[in-house]
Amino acid sequence: MTEPTLRGADPTTVRTALEDDDPFPGSAGFAGAVDGRLVRDVLGRVPLFVDGASETGGDPAWAFEPTALEKPTLFPPGAAAPADGPLPDPESRWALPDPDPLEGDAAIEALEDAIRTATDAVRDDDREIAVAFSGGVDSALVAELLDAPLYVVGFPDSHDVEAARTAADAMGRDLTVVDLEPADLERAVPEVARATGRTNAMDVQIALPLYLVGERVAADGFDALAVGQGADELFGGYEKVVRLDHRVDAETVRGAVREQLRSLPDQLPRDVLTIEATGLEPVAPFLHDAVVEAALRLPDDLLADENERKRGFRRVASRYLPDEVATRDKKAVQYGSLVARELDRLARQAGYKRRMDDHVTKYVASLLEDGDTEPTT
């Protein structure tokens, strides 16, 4: 089968988006080549890399995976550039809009309609889908609306395993627990680093749970893994968007949320490539165009305040989930699964002590097989 030159959308959708300068043409992201141009959607939901080695001239190389290129560089989100000849500076074609916010019930109804649009589109295809389930509100709403099997990964005493069990019980759902051992991390770290092109500790710690749960889901015969990615960025899930401290430049909650959205084009390739490395297709309903559009219209008071984050999103979730699940906070996956703790322990056992600069990253690099091209980020 010939490798497609465009992923995530059909060429007609992308052509229309180019003609109309429409950042949200109804897709879940796209990237690749269409009509002689390289394109990548406004949030960078589909990875696209160009070869930095081609900057000096000659035919440019591009690929959907960094491993296919000598010096892979992410193609900018929301950009287009000629696909033949030396790559010029890509031109910006799409930018995140800044619509006026809706208020109260109108904002909630628009968000619920958008989430149903996105999940209905997933349900309508013929893939066998499982859900990466942490017990938090994000993955719980995905699981409920897709009515798909639930899988959680973590070390036996981890927060995520316990939270997933209690949430699944409250929802009346079965749960498959993927219990981890330190050897699982040692085995998976090189695979994750190669697939993503990244060896830095934080990226690897975040990717490992996705990879390890994906392995089990794939082994059980599924085609795709659904995740709750994007909910924190879209709906005001971070403490810093309330505090408006030194970590953000914005002076409003809505402005700070937009800043978090701009971080997605760098984060999402890591998650997408990790899931694809297990042989599964990633599915992220909250990153559908319809949901992003609705999220951008949430007012400050339906994003976050000092008492509650993701306020509007939780109001939608409460229509489908038990209150104890809809109101539940969560830990970041690398901490909730205890992967970060155990990877740190393995690094120290291997002689990479905490007094060393970035000791876990050094340990990750050491696990790559001799002779392989080592990722550098």
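**Stop 1: helix 5 and helix 15**

Select helix 5, residues 182-196, and then helix 15, residues 339-349. This is a predicted model. The two helix axes come within 10 Å and cross at roughly 80 degrees. Helix 5 and helix 15 are therefore roughly perpendicular to each other, since angles of 65 to 115 degrees count as such.

Now show the side chains where they meet. From helix 5, pick Pro-182, Leu-185, Glu-186 and Val-189. From helix 15, pick Val-339, Glu-342, Leu-343 and Leu-346. Color the residues of this contact by type: six are nonpolar, none are polar and two are charged.

**Stop 2: helix 15 and helix 16**

Keep helix 15 on screen and add helix 16, residues 359-367. Here the packing angle is about 75 degrees, and the axes are 9 Å apart. That makes helix 15 roughly perpendicular to helix 16.

Which residues make the contact between helix 15 and helix 16? On helix 15, select Leu-343, Asp-344, Leu-346, Ala-347 and Arg-348. On helix 16, select His-359, Val-360, Tyr-363 and Val-364. This contact divides into six nonpolar residues, one polar and two charged. Leu-343 and Leu-346 also belong to the contact with helix 5.

Next, click Asp-358, in the loop between helix 15 and helix 16. Its phi is positive, about 55 degrees, although Asp-358 is not a glycine. Asp-358 has a relative accessibility of 42%, so it counts as partly exposed.

**Stop 3: the open sheet**

Move to the strands. Five of them form an open sheet in the order 1-2-3-7-8, with antiparallel pairing. Strand 1 (6-7) and strand 8 stand at the edges. Each has a single partner strand, so one side of each is left without a neighbour in the sheet.

Strands of a sheet pair through backbone hydrogen bonds. Turn on the backbone and look at strand 3 (37-40) beside strand 7 (residues 79-82). Strand 3 and strand 7 pair in the antiparallel sense over four bridges. Find Val-39 there: it stands opposite Ala-80 in strand 7.

Step on to strand 8, residues 91-92. Strand 7 and strand 8 are antiparallel too, pairing over two bridges. Ala-79 stands opposite Ser-92 in strand 8.

Now add helix 1, residues 11-20. Helix 1 lies across strand 1, strand 2 (31-34), strand 3 and strand 7. Against strand 2, helix 1 runs at about 85 degrees.

**Stop 4: the loop after strand 8**

Follow the chain from strand 8 toward helix 2 (104-123). In the loop between them, select Asp-100. Is Asp-100 buried or exposed? At 60% relative accessibility, Asp-100 counts as exposed.

Draw a distance from Asp-100 to Ala-148. They are 48 residues apart in sequence and 35 Å apart in space, C-alpha to C-alpha.

**Stop 5: the nonpolar cores**

Nonpolar side chains tend to be buried together in soluble globular proteins. The largest nonpolar core here has 70 residues. Those with the most contacts inside it are Val-39, Ile-115, Phe-133, Leu-234, Phe-235, Phe-286 and Leu-321. Val-39 is the strand residue opposite Ala-80.

Zoom in on Ile-115. Its contacts, not counting residues up to four places away in sequence, are Leu-141, Leu-145, Phe-286, Val-291, Phe-313 and Val-316. Apart from this core lies another, of 35 residues. Among them are Ala-130, Tyr-151, Tyr-363 and Val-364. Tyr-363 and Val-364 also take part in the contact of helix 16 with helix 15.

**Stop 6: helix 9 and its surroundings**

Select helix 9, residues 253-261. Eight of its nine residues are buried, so helix 9 is largely enclosed by the rest of the structure. The buried ones are Val-253, Arg-254, Ala-256, Val-257, Arg-258, Glu-259, Gln-260 and Leu-261. What covers them? The cover includes helix 7 (231-235), helix 8 and helix 10 (264-277).

Click Gln-260. Gln-260 is buried, with a relative accessible area of 7%. Gln-260 touches Glu-233, Tyr-238, Lys-240, Val-241 and Val-248, leaving out residues up to four places away in sequence.

Finish at Leu-244, in the loop between helix 8 (240-243) and helix 9. Leu-244 has a positive phi of about 50 degrees although it is not a glycine. Leu-244 is partly exposed, with a relative accessible area of 28%.

Definitions and conventions:
Residues numbered from 1 in each chain as written. Heavy atoms only, no water. Buried < 20%, exposed > 50% of the residue type's maximum accessible area, 1.4 Å probe, protein only. Axes fitted to C-alpha atoms, helices over the stretch in contact; angles between N-to-C directions. Parallel < 35°, antiparallel > 145°, perpendicular 65-115°, else oblique. Contact = heavy atoms within 4.5 Å. Nonpolar A, V, L, I, M, F, W, Y, C, P; charged D, E, K, R; others polar. Pairing = 2+ DSSP bridges. Core = buried A, V, L, I, M, F, W, Y, C linked by side-chain atoms within 4.5 Å.
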